[in-house]
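Visitor: I am new to this structure and would love a close look at its aromatic side chains. Could you take me through them and tell me what else to look at on the way?

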Amino acid sequence: GSSFVNGAPRGWAPECESKIAMEAKKRETWPIKQRQNAEYLARHPRPPMTEKERKKRLLKIQLFRRQDLMLCEQFLYNDPRDARWQWDVDKTRQFLDEQATLVDDVKKKKLTTREDLGLPLPPTDLKLNAMAKIQRSSAAQASKEKEKQEKAVEKGSKPSGKMQKGKQGEPDLTNVDLDFMNYKGLVMTRRQKAQFAQRAQRAAKQAKKKR
């Protein structure tokens, strides 16, 4: 029994083996596993879309398709370009504002628009007249502002505008929120109207005190 120690012959000890031989026997399994995974993925590539994402995209497409069918059936005997069926400017601006808030980051798209799904345009558009009116009004306003600036340059004075009666000459921004809501066609509640009225009263009192 003394001739063998743990299966080794007499006169041999594990500590006597050189370190070079021990390092040569080592096998690094991490790069081997990485190479095997890369080869497996090359033979069996992943699908571009998972089953869950495919079902979600198909559901969104079916919802848009249902809306298109409803529009086609609604205007089967009527012309959607008539003023009777077209949206007004306020409703169109509200719709555009809502669509602007639905724009998500590229990495967090919720497939809320036709562009995200790659769908074509709807069969009809109920915003044609309102968009034309908005474009005409904006063009007319831009031309008026340009004429005012030209007249001011000819007179040698600064462009006219709502300026405060102060030394700094800063624009009056007391009713900027109200002007913005009126421009967008947003409907205010009674509470918001009361808040705007109180703010205007406070501004008037402060202006009287400064005088």
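**A walk around the aromatic pairs**

Guide: Happy to! The protein chain has eight helices and zero strands (helices are DSSP runs of H or I with at least four residues, strands are runs of E with at least two, and numbering starts from the N terminus). Following the protein chain from the N terminus, you read the elements as α-α-α-α-α-α-α-α. Please keep in mind that this is a predicted model, where local features need pLDDT of at least 70 and side-chain atom pairs pLDDT 80 or more, while totals for chains, interfaces and linings use all residues. Residues are numbered from 1 along each chain as its sequence is written, and side-chain values rest on heavy atoms, without hydrogens or water.

Of the 211 residues in the protein chain, 11% are buried (buried is under 20% relative accessible area, exposed is over 50%, and partly exposed is in between, with a 1.4 Å probe and protein chains only).

Now to the rings. The count of aromatic pairs is two (ring centres of Phe, Tyr or Trp, taking the six-membered ring of Trp, lie within 6.5 Å; planes under 30 degrees apart are stacked, over 60 edge-to-face, and the rest tilted). One of them joins Phe75 and Trp85: the pair is edge-to-face, with 5.6 Å from centre to centre and 85° between the planes. Phe75 and Trp85 both lie in the loop between α3 (51-74) and α4 (89-101), so their pair ties together parts that are 10 residues apart in sequence. If you look at the backbone instead, the C-alpha atoms of Phe75 and Trp85 are separated by 9.4 Å. Phe75 is buried, at a relative accessible area of 10%, whereas Trp85 is partly exposed, at 23%.

The other pair is made by Trp87 and Phe95. This pair too is edge-to-face, with ring centres 5.5 Å apart and 75° between the planes. Both partners count as partly exposed: Trp87 has a relative accessibility of 24% and Phe95 has 26%.

Stay with Trp87 for a moment, as a charged side chain comes into view there. Lys127 lies over the face of Trp87, 5.7 Å from the ring centre (for a charge over a ring, NZ of Lys or CZ of Arg must be within 6 Å of the ring centre and within 35 degrees of the ring normal).

From Lys127, follow the chain into helix α6, which covers residues 128-155. At 1.5 Å a residue, the 28 residues of α6 should span 40 Å, and this agrees with the 41 Å between its end C-alpha atoms (the expected span is 1.5 Å times one less than the number of residues). Ala130, Ile134 and Ala152 are buried residues in α6.

One last stop is Thr113, in the loop between α4 and α5. Thr113 counts as buried, with a relative accessibility of 17%. Look for Gln99 as well: Thr113 and Gln99 are 14 residues apart along the chain, and their C-alpha atoms are separated by 8.4 Å.

To retrace the route, begin with Phe75 and Trp85 in their loop, go on to Trp87 and Phe95, find Lys127 over the face of Trp87, and finish at Thr113 between α4 and α5.
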